[in-house]
Every structure is written in C-alpha cells, then in structure tokens.
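Thanks, everyone, for making the time this morning. I would like to walk you through one structure, beginning with a single packing detail and then stepping back to the chains as wholes.

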Amino acid sequence: MIILRVLLLILLSLNNCIADDVLARITPQLSQKTITQGLFQQEKRLKFLNKPLLSAGSFSYDQSKGVIWKTITPIPSLLLVNDEHLLTAQGEQALPPAFARVFKALLGGELNRLSEGFEITGKEQKTSWQLQLTPKDELLKKVIKTILLSGDSELRLLELQEANSNLTRIKFSEISHPDRLSNEQQAEFERLSP
Amino acid sequence: MMLVIGTLSSQTLTKDWLETGFLALLPATEQQPEIAKAIQKHNEQRDRKVIWLSGAATSEAAISHAQKLKQQLQQSRLFKTILLELPQQQVLQRYQQLFPYRYQLLDAQTQATLQNNPKDLLSRNLETLYSPMGQMTAADLEHDPLLIFSRYFHAQNPIKLAVEDGIVILKDTNRVWALLMADLEDSNLQLDKLESLLALVNNAKAIMQETGGDLIATGMPLFTAYGSESAKHEISTVGVGSSVGIVILMLLTFRTLRPLLLSFLAISCGLFAALVVSVMVFGKIHIITLVFGASLIGVADDYALHFMCDSFGAKNWQPRLGLRYIFPGLLIGLLTNLLSYSGLVLSPFPGLQQVALFSAVGLLVAWLTVVLLFPLLLTRFTPEHQPVILKLANNWQQHWPVWLLKNRRWLVILLAIFIAGGLWHLTPRDDVRLLQSAPAELIKMADKIKQLLPVSPENQFFMVSGNNLDDWHRNEQQLLKALNPLTAQNKLSSYQGLSDYWPDENTQKLNYHLLDGSLYQSGLIKHYMSDLGFSDKAIKNELNQFTTAKNRTISLPDWLSTADENKQNLWLGCDSSQCRSIVSLIGITDLSALSLLQNLPGVAWVDQVEQLSSMFARYRVRVSLLLTAAYFLVFIGLGFKFGWKNALKITSIPVVSALVSLAMMGWFNQLFSLFNLFALLLVLGIGVDDAIFFFMADASREKQTSPDSDNEDKRASTSLAVTLSALTTLLAFGLLAISSTEIVHAFGFTVATGIFTALLLSPLVGFRKV
C-alpha cells in the first residue's frame, strides 16, 4: 500500500548534518535519551470532511529498537517500525528507507538530521522553540507544503500541512524517559524483530 | 570445386551467420505447439531483460550512481527501454482508465471481507485513516470513500517495494541499492553486441567501485554473453593448441615444410567448406559447433598423415603408387567416419545436427583434397631420413604387442575388472543446466539479486486453458486458489495470474451485487460516510455514482490495454476452440508440490528444465541403441569386405576403446550424458581407422610374393601414421577436456580416453611374431 507516503516521504536524504544556526541552538535544549515515551493526540483535517479525524494513544521510542505507535481511540491499532520493518494490523508494509530515521529524528530529538531534506527556519524563546520545515525536493513539495514543529525540552507539536490543504496535527504529552522498557513494550518490539 | 565453395561463401558468409544463444542449441520442444508458444511468450521478456542494482552506503549515493549508469546505458545504444524512475504518468493513467469500473473490480481479499463481514472493511479504513500515516490514502478517500479501488489497484502489485525519488530502493545489511531495468533491442544479440554488453557491465562496475559504490547485474543476456565469450576463448585455445601441436609433430617427422603446408591445405579446405555448407543449410551456425569443429582439425589431418607417412614405407616412393596402396584404407576410414557422424544427424538437437553436418562436410572435403590433389602435390616427395618418431613408433609396434600378448592372461582379467568396475560407477546425469556453465561471480550476482528482488519468474509455469473465456477464468481461479496454501507454506513466494486482476464479466456483476447487498442497500455506507464527516452532497453523489455504474463491465481486451507488459504477456489469446493464459511463478522451493496441481482441469504444468532433462535422458537411451547399431553396422560392412574373423578383430579395437572410455568416466566421476555417446561415435570412427590401417599393412604383406624388407616397413609407416594421428587427435580433443563448459569437457575426456586406448590396442591387429 502507498498509505505510508507522506510522513514517509520526509525520508529524503537525512544524512549530512549541515547544522543550521537555529538547529544548533535548539538541539542542546532537547533531551536526547535512549528511551522516550508518552501520549499523543492526533487531528487530521481533510478538506472534504466537515469534521476532523481525532485519535489518541501512546508512543514509545527506543533508540536501538524502533517505535511503537499505539492508537487507542477511536479504533485501537498498533504500528511498529524499525530500520528494517514496518508492521501494521494489516501485516508487514514496505518500509520507505528513511522512515525510521525520520521517526528517530523527531522522537529522539535529533532534529539536525532533518536539515538535508528541508529548508529550516525557526524562532527560539527562552524555554520554547518553533521550527518551520519546507521540503527541498520538487517531488515532495507537491505533497507537503510545510511541517511545523514546536517544543521545549521535548517535541510538543507536529503540524503537517499538505499541498492539497489537508492537515495533520499531532500533540505529544506526558513525555518521560524511563531507564528500561516495560515487559509489554519489550514484547511488542519482539514482534518487530523476532 | 573450391571455386564453387568460394562463390557460395561470398553469398553466405556476408550475412550474420554466427549464433550464440543457448536455446538455439536445444531442440524445439516436442510438446504441442500451444505449449511451445506459451514457453516462447513466457521467456520472451526474460531473455531480453538485464537487471542492474547500483549499491552505496546511502540511498542518495545509490541513486546518483544509478543515474550515471542510466546515461552510460543510453550511450551504449544496446537497449530498447531503460527504466529507472517508475513511470508515474503511466500509473496515473491506468488508475484513471480503470476507476470507472471500481465497483466491478474487487480484489480477492476485499471480496472475501465483503462476503464474511463487510463491517471489517469499514473499520480497517478507519484504522488507516486514524494512523499517523495514510495521508495519501486519505486523499483518495474523497473520490473513493470505501477505498475499494485503492485496494484493488495496490493489489495488482503484490510485491511492495520502497520508492525514493521515484526510484525503487532495496536494502540489505550494509548497502542500499537502486534498481534499474533495461530491455535489449533483441533477445538474440550478435556476438559483437554481446561483447559490448559484457564490456559495459565491467566498465560500469569499475567506475562505480572507484567512487565507492558497487554494481551487480543479472539477466539471461549476461549468461549468454559469458557463455559465448568462454566458447570463443576455448575455440582459440583448442584451435591454436592443436595447430601448434601438429606443426611441431610434422616438422619433427618430415623435416620439411611441404607436408605441413599440405596438411594445412587439407584442413583449411575442409573447415572452410564445412563452414560454408553449414551456414547454407542452417542459416546460422552456433558457436558451440565451431568449438567442436575446431577439433575436426585432428581428424581431417588423419588422411593427409596416412598418405604422407606411407612415403616412409617404400624406396623410390611414388605418390600414385602410394595412393593405390592406401586408397582402400582411406576410403573405408572415410566411410566409417561418415557413418559415425551420420548418427549425430539423427539427434533432435539442432546443435548436434550442425556438428554432424559440419564435421561430415569438413571430412569429406579434406579427404577429397588428399585423394585428388595430393598425388600431384606430393610429386618427388621422397624423404631420405628416418625420423626418430618413425623408429620409436616402429619399435613400439614391434615390442608392445609382444609384451601385451605375453602378459595377456592377467591383462585381460585386469582390463575386465577395470571395465566392469568403471561401468558400475557410471551414473548418467541428464540435467540440462549442465549445458550452460556460468562463472561463479555471475551466479553469485544472480542469487543476490534474486534474494533482494524476488520478482523474476522461474523457468516453470502453468498454462491454463478453457473452452471459452468463462471456462478459462474458472479454471485459472481454481488453480490460483490451490496455489494460495502453497504460498502460505512458503513453497512458493508468489504468483501472477490474470484472473486475479481481471474478474470475468459474470464475476464483475457479482462484485457489484456484493457491494450493493453488503454496504449500499443496508445503508452502512451512508452511516460510515456521515460519521467520517462527508457532506450530504458527497454522500448523495457517491450513491448516484454507484447506481449509474450498475451495468458497467470491462472486457478482457480493454482491461489488458491498461495493463503493464508483464501482465499482457500472461495472456496467450483465444482461438476457435480454446482460450489460454500463463500463470507465472516466483520463488519456487517445492517443485513437486506445484507439479501436482496439473491434475486440475485445464491446467498444464510446464517445466522447461525438467522437460529438456528428461528428453536428454530419453535420447541418451535412444542414442545408446544407435551407437550399438553403428558399431554393428561397421562390423557387418567390414565382415563383407575382410571376412568375419578379421572384422571381429578390427571392430574389437573401437569396442574395447569405447568400454575403457566409459569405465574411465565411471572411475573419475565424469559427467555422463547424451553427449558422451556422441563422443563414442567418434571413437568408433577413429578406432576403426587405426585398426584398418594396421590390418591393411598386414594384408599387403600377404599379397607380396617375395618377402623383402618393404613388408615390415608398411607396418612401420602405418604405426607412424596411427601414432601421429592419435597424437594430433589427442591434442585436439584432449584440449576440449580443458573446457569450462562441462559438457564440452566431458566430450573431450571421452574422446581422449577412447583414442588413447585405440592407440594402445590397434598394433595388435595383424601382428605376427617375427
């Protein structure tokens, strides 16, 4: 399925870190831990629907194991991703090559890894910051207009504006950095790399 | 005569006469023409395709390598199409063409969901929509609220590949690869183009490796190219090797250039005529024919040698007198050789027919050159010296049989044990794949690509037929349903069948009714859409579109016109009585489980490898009989000419030689197949030659009333000729044994051991104790 495209098209080239000024100042503010977990609230606004699609759930990030994205309402579903695999309820999906890296960059607080694929502008205040990412790639521009990120010591908000004026907004809350994964989290990562 | 051949050559050899494709060697399948047609269609695309993967540490680098490679390929002008970026325009067009039929075209999974629990479809949609991904699908939702067409469309490409910048990206543990596919202009490339293809691969690889990347490539054309290159290399090795050997032998023996030049004349007349006639008859000759043909030098030289060696057998030797003595032997020699080659003509393999004709013409012309021209050209050829090799050969023919006869008791027992043991170990191997040997590196690349990109269809496939379109569709669906459990058990990784993508018109109507009954009439779609937040107008519009589409169906030809080349090639068409298609298979791990499915109605299992291998096995048995018959025929012929007892003596030489040769194959675990039997036909020809000349030498002694020294000299000169000819033949065929093509190697080994045995045994014929 092509379901994966957009967030995943962000994948383009995240290799060389040309440390932007803004990024250089923001990055130290962000906590970079091996494990990050928290809750999310997602809101998708599609221009042909007269109300937003709202969902909420939890996420867990482990630097070496990948990401668990667990939607709880309105329909429970699970998405598991690491460098090699992408699993959803509908089975194994093709993994766009840099998808895992984007997730890592966002959830693991390594924002400077995004500078290759995007023009980045931003503001920073004492404790908070805002970044605006615009795709460099012509192909990607046709799908994504901008990505807005904001946060403090953590990433708090992600807003994806599509070229067709659809919008996806994800709020992160109750972010914590435990020392080890819970048994449940362990088991879910097991499924990803048996 | 040479004038005629020369004139013919100017007409034939100016065309493209050399064939290199591996399949040209094989007989057209013995199966029905439909299957032959299916095989051709199945292989058509594969035989032209070269798959390239450019690798690097990152996808950006891999893509940039691939883009440079694409330019290189374009400049080479070898390819008809070069595909790097996926044809997005084409995909979009296909989407738009099929979209009006979305209520009729359901994929199998959606069909099953709708039948069992239509609400599942809706909740899966919601899952996707509420996930952090799925923006693209969300955009589809506007015109395809149930996402049924999106499902159908994506089910058409069951293998999910990652795409970056429109380019397919594959990943393994330490490298990222970008995919490029190229189709050659023609599946039957000419030799020079094959060479440039190989050069292109090596060159591109070198360039990429210089810049830290890597390149792997695979495809039928590469295998063909490597095959031709090694064959070409072998021709020159065998040709040069045997020529050098012959030059040295001749100079040592005759100490003058004339015999050498004359041999060269005989051989080149023979080879040239053989080439011209073969091309005339077959249109094109295969490069393998030339490999075997190169070894003809050794046999063609026999005639010249026997003639010239005779000059050592008489004082005041006169070519005409010499010819008179030697002619019966030469004639019988020629006839037995032609007889043994005629056996090859009977084989169904175009390759061997070519070898047979090539050799027969070559020998005949070389023989004629010797018989007609040599008497003139050898005028006043009276060597005064006694060459060392003559003394050696003469000593050997005098003493060797004595030793053999003295020890015959235990020698015979030893020989019997050796032969019996060897034959015991002899196991036939008829696998057609042995015909084609490829360098390990090429096989490694092919395996690697197969593992990264499991999309190339296997050699085996199903052909499905039915009395009409409906019947065909039903049969194919039945087969595909039976294949599903096999893919679940990993006996097969995937398959492609048209009926999965194109429901027949009846099923299309059923699909519409299924949707109607499960989601539309029940009002489920209305709820679903309004829950999601679609406007009333949008809901009404969707319901309207559904009603309007009620009687729509898409015919197979219309559907095929939107399909890609891969799918189009699956359709074989309908004739007055049957409709047929191919179901292609990818990643087979259990052949026997698949072949069992041929019991289904209208299903035929086509295994080209197995078919050819079993044909090899059948013909091996058939040719064994042919071989026995040939030996028997020679025996009968000799019996009428020389009497039964003598015929038995003469024939026993090639018979024992052939047995020893077979036993050697057994002991050394050599490849034993159809092709070795043809080699034994050569052993027959040459072994009989040797025996006959020894016999004639003895017979001439009996004819002469006054026993002077000449008598022993005939035997001496014969032994020289036999030794020289055996040595030259050994050089020629022995060199085939170094071939990297296993089948050519086996041929060389068989002939070499056979000839060597014949050389050891033939002095026994007509031997008398002095």
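In this predicted model, I will start in chain B with helix H21, residues 505-520, and helix H23, residues 536-548, which pack at an angle of about 150° while their axes lie 11 Å apart. Since angles over 145 degrees count as roughly antiparallel, H21(B) is therefore described as roughly antiparallel to H23(B). As for the handedness, the crossing in which H21(B) passes H23(B) is left-handed.

Which residues of H21(B) and H23(B) meet? On the side of H21(B) they are Tyr512(B), Leu515(B), Asp516(B) and Tyr520(B), and on the side of H23(B) they are Glu542(B), Leu543(B), Phe546(B) and Thr547(B). Sorted by class, this contact of H21(B) with H23(B) comprises 5 nonpolar residues, 1 polar residue and 2 charged residues.

Let me move to another place in chain B, namely helix H10, residues 220-254, which contains Ile246(B). Is Ile246(B) buried or exposed? Its relative accessibility is 5%, and because buried means under 20%, Ile246(B) counts as buried. What I would also point out about Ile246(B) is that its C-alpha atom is separated by 6.0 Å from that of Thr728(B), although the two residues are 482 residues apart along the chain.

That pair leads to the wider contact pattern of chain B, where, if one takes the contacts with a separation of 6 or more, 83% are accounted for by residues 24 or more positions apart. Chain B has 770 residues, of which 56% are buried, and its secondary structure consists of 31 helices and 13 strands. The surface that chain B exposes is about 32,900 Å², with carbon and sulfur atoms supplying 59% of that area.

Turning now to chain A, we have 194 residues, 54% of which count as buried, and a secondary structure of 5 helices and 11 strands. If one takes the contacts in chain A between residues at least 6 apart in sequence, 48% of them join residues at least 24 apart. Finally, the accessible surface of chain A comes to about 8,800 Å², and carbon and sulfur atoms hold 50% of it.

To return to where I began, the pairing I would ask you to look at again on the screen is that of H21(B) with H23(B), roughly antiparallel and left-handed in its crossing. I am happy to take questions.

Notes: Residues are numbered from 1 along each chain as its sequence is written. Chains are lettered from A and ligands numbered from 1 in the order in which they are written. This is a predicted model: local features need pLDDT of at least 70, side-chain atom pairs count only at pLDDT 80 or more; totals for chains, interfaces and linings use all residues. Side-chain values use heavy atoms; hydrogens and water are left out. Axes are lines fitted to C-alpha atoms, for helices over the stretch in contact, and angles run from 0 to 180 degrees between N-to-C directions. Helices (H or I, at least four residues) and strands (E, at least two) are DSSP runs, numbered from the N terminus. Angles under 35 degrees count as roughly parallel, over 145 as roughly antiparallel, 65 to 115 as roughly perpendicular and the rest as oblique. A crossing is left-handed if the near helix is turned anticlockwise from the far one by less than a right angle, and right-handed if clockwise. Contact means heavy atoms within 4.5 Å. Ala, Val, Leu, Ile, Met, Phe, Trp, Tyr, Cys and Pro count as nonpolar, Asp, Glu, Lys and Arg as charged, and the others, Gly among them, as polar. Buried means under 20% relative accessible area, exposed over 50%, partly exposed in between (1.4 Å probe, protein chains only). Accessible areas come from the Shrake-Rupley method with a 1.4 Å probe; for residues, only the protein chains shown count as cover.
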